[in-house]
Amino acid sequence: MYRETDIIQTIPGTDEMVINVGPQHPSTHGVLHLVLTINGEIVKKVEPHIGYIHRSIEKMCESLTYRQFIYSTSRMDYLAAHTNNHACAMCVEQGMGIEVPLRAQYIRVLMDELTRIASHCLWWGSIAMDCGAVTPFFLAFREREMINTIMEETCGARLTMNYNVPGGVMADIHPTFQQSVKDFVRHFRSKIDEYDELVTGNIIFQSRLKGVGKLSKEDAISYGCTGPTARASGVSCDVRKHFPYEIYNQIDFKEITHTAGDSYARYLMRLAEMRESMSIIEQLIDNIPEGDFLAKTKAVLKLPKGEFYSRVETPRGELGVYIVSEGGTTPYRIKFRSPGFSNLSALDHMTRGHKIGDLVAIMGTLDLVIPDIDR
């Protein structure tokens with residue numbers, strides 16, 4: 001896990017030492033640098049050092065028009081480009097009073113839920129590999145690639161789709177979209193059971209996660225955690241339920257929560273969310289209404305003077321978009337409330353007293369995407 005050259009210093013009069021973990025990508029799933037104070041294998045303190053991939057996206061967006069800035073956010077949480085773009089488009093629509101056609105709302109929600117499944121698939125493969133199992137990583141990509149192919153047919157891209165625009169979506173769905181989605185859901189229904197059989201019930205995997213990295217409901221709220229990380233601790237915080245957007249208030253789905261607050265609960269949360277996303281997709285896929293997929297808007301968009309905020313539920317939690325407008329064609333100020341930043345802040349609290357190997361598992365259950373943190 002670490003070498004002699006990784007040691008920064010030993011602490012005089014104690015058996016403790018300070019070491020580096022990261023910022024190499026294989027050790028921290030991105031350029032995240034952790035400074036650990038350890039006593040043998042026991043973690044005494046974790047200090048995350050961020051900023052290695054900082055690209056000033058917020059400041060850059062302030063020099064882009066309201067049509068252009070949306071696509072910069074695809075590069076923040078690149079595993080949830082659709083939901084990032086969705087939040088930005090909604091904020092602009094709120095400011096201009098644009099009414100999104102019902103067909104576009106259906107398409108947006110379907111794309112969001114496909115994105116959620118694809119993101120959770122990659123996470124499932126990664127957390128299994130973090131705990132020593134290599135095969136699940138390849139199985140997860142099998143399903144993820146099916147979703148990426150569906151995305152590519154309609155959006156023209158597989159990762160940073162840039163599909164949402166103010167007023168709706170850039171293009172109508174591909175003629176085979178509905179059948180492809182139904183084929184995928186039918187396929188994935190059996191494969192997610194395979195995920196359970198292969199990993200969920202594995203006694204070694206359970207021993208790595210159960211009772212490890214506990215986060216109480218009160219602490220999750222205190223640290224500002226959202227998404228599966230908070231809901232695994234019993235916090236009801238699903239934006240789709242509490243602040244429904246598009247057609248989520250017309251869909252029958254459950255907000256999944258657990259109370260254990262440990263790493264295993266965070267694991268179970270995401271598997272349950274994938275099943276719930278399939279249920280949402282099945283309710284919508286045969287009921288996409290006819291009509292426009294994009295509202296008519298002006299070529300140059302100007303938000304009225306004021307402050308605007310929108311939020312969506314990404315695979316990692318609540319993403320908020322805050323725009324201050326002076327009435328021009330570009331934002332005066334823009335701020336993104338990213339879920340990863342707040343979730344990472346709880347890592348030190350969750351890890352103290354555990355071993356270095358537990359740190360890897362705990363960090364994996366947070367599902368960190370570093371550009372989402374280094375905005």
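In this predicted model, the 40 positive and the 46 negative charges of the protein have mean positions that lie 3 Å apart. The surface that the protein exposes amounts to about 15,200 Å², and 53% of that area is supplied by carbon and sulfur atoms.

Turning from the surface to the fold, the secondary structure of the protein consists of 15 helices and nine strands. The radius of gyration is 21 Å, close to the 21 Å that the globule rule gives for 375 residues, so the protein is as compact as a globular protein of that length. Taken along the principal axes, the box that the C-alpha atoms fill is roughly 70 × 50 × 35 Å. Of the 375 residues, 56% are buried, and among the contacts that join residues at least 6 apart in sequence, 69% are between residues at least 24 apart.

The aromatic side chains offer a way into the detail, for the structure holds eleven aromatic pairs. One of them is formed by phenylalanine 137 and phenylalanine 141, a tilted pair with 5.0 Å from centre to centre and 55° between the planes. Both residues belong to helix 5, which spans residues 135–155, and they are four residues apart, about one turn of the helix. Phenylalanine 141 has a relative accessible area of 29%, and because this value falls between the 20% limit for buried and the 50% limit for exposed residues, phenylalanine 141 counts as partly exposed.

Another pair is that of tyrosine 245 and tyrosine 248, which is edge-to-face, with 5.0 Å between the centres and 70° between the planes. Tyrosine 245 is buried, its relative accessible area being 5%, and tyrosine 248 is likewise buried, with a value of 1%. Elsewhere, ring pairs link Trp123, Phe205, Tyr264 and Tyr267 into a cluster.

Arginine 158 brings the reader back to helix 5, since this residue is placed in the loop between helix 5 and strand 5, the latter covering residues 164–165. With a relative accessible area of 28%, arginine 158 is partly exposed. When its neighbours within four places in sequence are left aside, arginine 158 is in contact with Glu145, Asn148, Thr149 and Glu152. The C-alpha atom of arginine 158 is separated by 28 Å from that of isoleucine 256, a residue 98 places away along the chain.

Technical notes: Residues are numbered from 1 along each chain as its sequence is written. This is a predicted model: local features need pLDDT of at least 70, side-chain atom pairs count only at pLDDT 80 or more; totals for chains, interfaces and linings use all residues. Side-chain values use heavy atoms; hydrogens and water are left out. Helices (H or I, at least four residues) and strands (E, at least two) are DSSP runs, numbered from the N terminus. The radius of gyration is taken over C-alpha atoms; the globule rule is 2.2 Å times the number of residues to the power 0.38. Buried means under 20% relative accessible area, exposed over 50%, partly exposed in between (1.4 Å probe, protein chains only). Contact means heavy atoms within 4.5 Å. Accessible areas come from the Shrake-Rupley method with a 1.4 Å probe; for residues, only the protein chains shown count as cover. Lys and Arg count as positive and Asp and Glu as negative; His and the chain ends are not counted. The place of a charge is taken as NZ of Lys, CZ of Arg, CG of Asp or CD of Glu. Rings of Phe, Tyr and Trp (its six-membered ring) pair if their centres lie within 6.5 Å; planes under 30 degrees apart count as stacked, over 60 as edge-to-face and the rest as tilted.
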